[in-house]
Amino acid sequence: MTQSEVQSKNAPLEELGIKDANAHWNLSPEKLAEIAIEKGQAKKTNTGAIAVNTGEFTGRSPKDRFIVKDDITKDSVWWGNINIPFEPEKFDKLYNKLVDYLSGKDVYVRDAYACADPQYRTNIRVVNEYPWSNQFVYNMFLRPTEEELENMKPDWVVINAPGFVADPVVDGTRQHNFAVLNFTKKIAIVGGTAYTGEIKKGIFSALNFELPHFKKTLSMHCSANIGEGGDTAIFFGLSGTGKTTLSADPDRKLIGDDEHGWSHENKIFNFEGGCYAKVIDLSEEKEPDIFRAIRPGAILENVVFKEGTNEVDFTDSTITENTRVSYPIYNIDNIATPSIGVNPKNVFFLTADASGVLPPISRLTPGQAAFHFISGYTSKVAGTEMGITEPQPTFSAGFGAAFLPLHPTKYAEILSKNMKEQGVNVWLINTGWSEGPYGKAKRMKLKYTRAMITAALNGELDDVEYHTHTIFGIDMPISCPGVPAEILSPKQCWNDDEAFYKAANKLADSFNQNFEKFAEYANEEILAGAPKSK
């Protein structure tokens, strides 16, 4: 590379305020892994993947994620505990300190993009302090061609410096780590944490603002797949409900496992170019696609090796329960290329209800769908978090409240509109307990859940008889191919009407109490979708 070429490459960084940096542009994942190993930041595993340790932070830090409050955001962002305001002047000062920190250093720069649908494509330039963080960017975002890279201009810039430590007193942060989005300057800054999920979720949060707010296109925290006939299915669900597992279907092609858009043209498009999956207790038997994707190009985070080997012990949670793997989506065999689906026909809301009162499958009206979408319900069971000794209901609006800059009803209204226009079926799938509560019954068998989803996808539940859940008002099929009829109605399984209604009313009250903070923004149709405790 000539001196003029070096200057040309460094010019965009000078424009960002990063001076005299030794910039490594768009290196291959193989080269980035090699550098990370040489620097002692990564180890090679027996599968060819690399393993890294993210240090102090092994997960996102929601209380340290901020949005700059300015003319674009002040009247549109849903401010509160999730979306914490940050002063523009404070952003500028913190940004200047961050780029000064990176000046004169080795940095790793990558041009990538989000949104597989060209109409919504968002170009991203990411500057990383660490080589393996840059490999993560290669894995998780969509990869431009060599020709596209020649003159690529970013719509968003992300600057990521795990080694930079903020001063809360001076910089306006809560503590030394931070992730800040600036929608006017279209810059995201992440510092003080090496957890790579902050990079990915920063861009997801940006798209969650821009697509619905400016383009009236629904952004979704969901997985999606497509059948041989071209029909697309969407799977919403919080951690532990089966979102990744159930969308990985050998008879259907995977569009993506986490972040998607639903456009005016009735297309479902992946935001990403890879997967970022939990690997605690991973086995080839339970999750064959993820297990086999851990090969060269993949990055394992915070895993522990079996003693004296470079083989990962996936059962070891010594560092964290949130062990992860990042890999490009092409490490999965059965994928849709490009990662776009059309003709969505079925939407599945996944929940793991520990109270045992929600049926294993039920069909929702548009109003009920909007209500359950805004609620985003599942259960925390004993052992998932410190101090939890019995199951507790947990709610996350839109099945991803931590990433929603707008009020959840904005997303629910677009979802409901799309459903009506396209005649989409929405199903509530309980992958938890429905023959009795947690501790007194077994969790729903995966083979039955798969059979119910397959029946819904194949239209085999369109003409069967339904009956209505007394408390939640949702329609439950009385028969389903491949599923014992007796498990389709939780009340019948309990054999104790008084105990069932007590548990159902308790859960309904939890739903309604949670929804109180959204009620003033919800229309009559959404309000009518709420359960009616007795």
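How much accessible surface does the protein have, and what share of it belongs to carbon and sulfur atoms? The total is about 22200 Å², and 48% of that belongs to carbon and sulfur atoms; the areas come from the Shrake-Rupley method with a 1.4 Å probe, and for residues only the protein chains shown count as cover.

Some ground rules. This is a predicted model, in which local features need pLDDT of at least 70 and side-chain atom pairs count only at pLDDT 80 or more, while totals for chains, interfaces and linings use all residues. Residues are numbered from 1 along each chain as its sequence is written, and side-chain values use heavy atoms, with hydrogens and water left out.

Overall dimensions next. The C-alpha trace spans about 75 × 55 × 45 Å along its principal axes. The radius of gyration is 23 Å, which agrees with the value near 24 Å for a compact globule of 534 residues; that rule is 2.2 Å times the number of residues to the power 0.38, and the radius is taken over C-alpha atoms. Of the 534 residues, 58% count as buried, meaning under 20% relative accessible area, with exposed over 50% and partly exposed in between.

The protein has 15 helices and 28 strands, taken as DSSP runs of at least four residues (H or I) and at least two (E), numbered from the N terminus. Eight of the strands form an open, mixed sheet in the order E1-E6-E7-E8-E10-E9-E4-E5; two strands pair if DSSP finds at least two bridges between them. E1 (22-25) and E5 (84-86) are at the edges with a single partner strand each, so one side of each has no neighbour in the sheet. From one strand to the next, the twist averages 25°, with axes fitted to C-alpha atoms, for helices over the stretch in contact, and angles from 0 to 180 degrees between N-to-C directions.

At the E5 edge, E4 (residues 65-68) runs parallel to E5, joined by three bridges. Ile 67 has Pro 85 in E5 as its bridge partner. Helix H7 (residues 197-215) packs on the sheet, touching E4 and E8 among others, and its direction makes about 155° with that of E8; contact means heavy atoms within 4.5 Å.

Last, the cysteines. The whole structure has zero disulfides, that is, no pair of cysteine sulfur atoms within 2.5 Å. For Cys 275, the nearest cysteine sulfur is that of Cys 222, 13 Å away. Cys 275 is buried, at 1% relative accessible area. Cys 480 is also buried, at 6%, and its sulfur lies 14 Å from that of Cys 493, the closest, too far for a bond.

Key
Buried means under 20% relative accessible area, exposed over 50%, partly exposed in between (1.4 Å probe, protein chains only).
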